[in-house]
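User: I'm new to this protein and I keep running into labels I don't quite trust. Could you walk me through where they come from?

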Amino acid sequence: IFYKDSIETLHPKRTIKSLYLDTVDFQLYRDSLLNDIDKLKIRFRQYPSKDSDIYKELKVNSVNGKEKSSLKSSYKKFEDIKSERYKNFILQPSLFVEYERQYYSIEGEVRVTIDQNIRYSAPKNRSLLSKEIKSKETIIEFKLLNDKVQDIEQTFYKNSFAFSKYLVGINKI
């Protein structure tokens, strides 16, 4: 309501499916829990309402800052992803995450995404159980769309905090 006149819908609501990879002993998960830097996440993501392609995404958080890359993969189904090699890591499927996302822009300067109906499940190589865990959380993320340096938290009523679907999902599964 506060930003009612300056909110624009960027994309239609869509479902996002992700498959996260990790080492057999969950080294990337443990690094993410223990470190603020020198950590990474590798996932394959599909935006089914957009297209049927699966994209390989790499998120790195280092002393040089955060970087994210996304490349279209050759995979047609998540089940075809058995393992990947990245630097010294041999990675295998570790968590499926599926959720609905809405995209908005506030005054063309801030992108807001709202994630709901989050579902976590373990791939078959990690668990014989095919149980899906549903989350009641709603995740709201704000990203600056310009190069201006501004404290985005001053614009909203609550303090923000980091949230990782991967960390939460592994804990729940």
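Analyst: Sure. Of the 173 residues in the protein, buried ones make up 38%. Keep in mind that this is a predicted model. Two helices and nine strands form its secondary structure, and from the N terminus the order reads β-α-β-β-β-β-β-β-β-β-α.

User: Okay, let's start with one residue. Why is Thr113 called buried?

Analyst: Buried means under 20% relative accessible area. Thr113 has 0% relative accessibility, so it counts as buried. You'll find Thr113 in strand β7, which covers residues 110–121.

User: And what does Thr113 touch, leaving out residues up to four places away in sequence?

Analyst: With those left out, Thr113 touches Arg101, Gln102, Tyr103, Ile139, Ile140 and Glu141. A contact here means heavy atoms within 4.5 Å.

User: Asn117 is in β7 too. What makes Asn117 partly exposed?

Analyst: Partly exposed is the range between buried, under 20%, and exposed, over 50%. Asn117 comes out at 41% relative accessibility, so it lands in that range. Asn117 also has a positive phi of about 55°, although it isn't a glycine.

User: Why does Phe26 get the label partly exposed?

Analyst: Phe26 has a relative accessible area of 24%, so with the buried cut-off at under 20% and the exposed one at over 50%, partly exposed is the label that fits. Phe26 sits in the loop between β1 and α1. Its phi is positive as well, about 60°, and Phe26 is not a glycine either.

User: Back to β7. How do you know that β7 and β8 pair?

Analyst: Two strands pair if DSSP finds at least two bridges between them. Four bridges join β7 to β8, so the pair qualifies by that definition. The two strands run antiparallel, and Tyr120 stands opposite Ile133 in β8.

User: Which residues of β8 are on its covered face, and which on the uncovered one?

Analyst: Strand β8 spans residues 132–135, with Ile133 and Ser135 on the covered face and Glu132 and Lys134 on the uncovered one. Side chains in a regular strand alternate between the two faces of the sheet.

User: Now the helices. What makes α2 "mostly covered"?

Analyst: Helix α2 runs over residues 165–172, and six of its eight residues are buried. Those are Lys165, Tyr166, Leu167, Val168, Gly169 and Ile170. Their cover includes β1 (7–22), α1 (27–34), β2 (39–46), β6 (89–106) and β7.

User: Where do α1 and α2 meet?

Analyst: On the α1 side it's Tyr29, Ser32 and Leu33, and on the α2 side Tyr166, Leu167, Ile170 and Asn171. That contact divides into five nonpolar residues, two polar and no charged. Tyr counts as nonpolar under the scheme used here, so both tyrosines belong with the nonpolar ones.

User: And how do the two helices pass each other?

Analyst: In a left-handed crossing. The axes of α1 and α2 come within 10 Å and cross at roughly 115°.

User: Last one: how much area does the protein expose, and what share do carbon and sulfur atoms supply?

Analyst: The protein exposes about 11400 Å², with 50% supplied by carbon and sulfur atoms. As for its contacts, take those between residues at least 6 apart in sequence: 61% of them join residues at least 24 apart.

How values were computed:
Residues numbered from 1 in each chain as written. Predicted model: local features only at pLDDT ≥ 70, side-chain atom pairs only at ≥ 80, totals over all residues. Heavy atoms only, no water. Buried < 20%, exposed > 50% of the residue type's maximum accessible area, 1.4 Å probe, protein only. Areas by Shrake-Rupley, 256 points an atom, 1.4 Å probe, with all protein chains shown as cover. Axes fitted to C-alpha atoms, helices over the stretch in contact; angles between N-to-C directions. Left-handed = near helix turned anticlockwise from the far one by under 90°.
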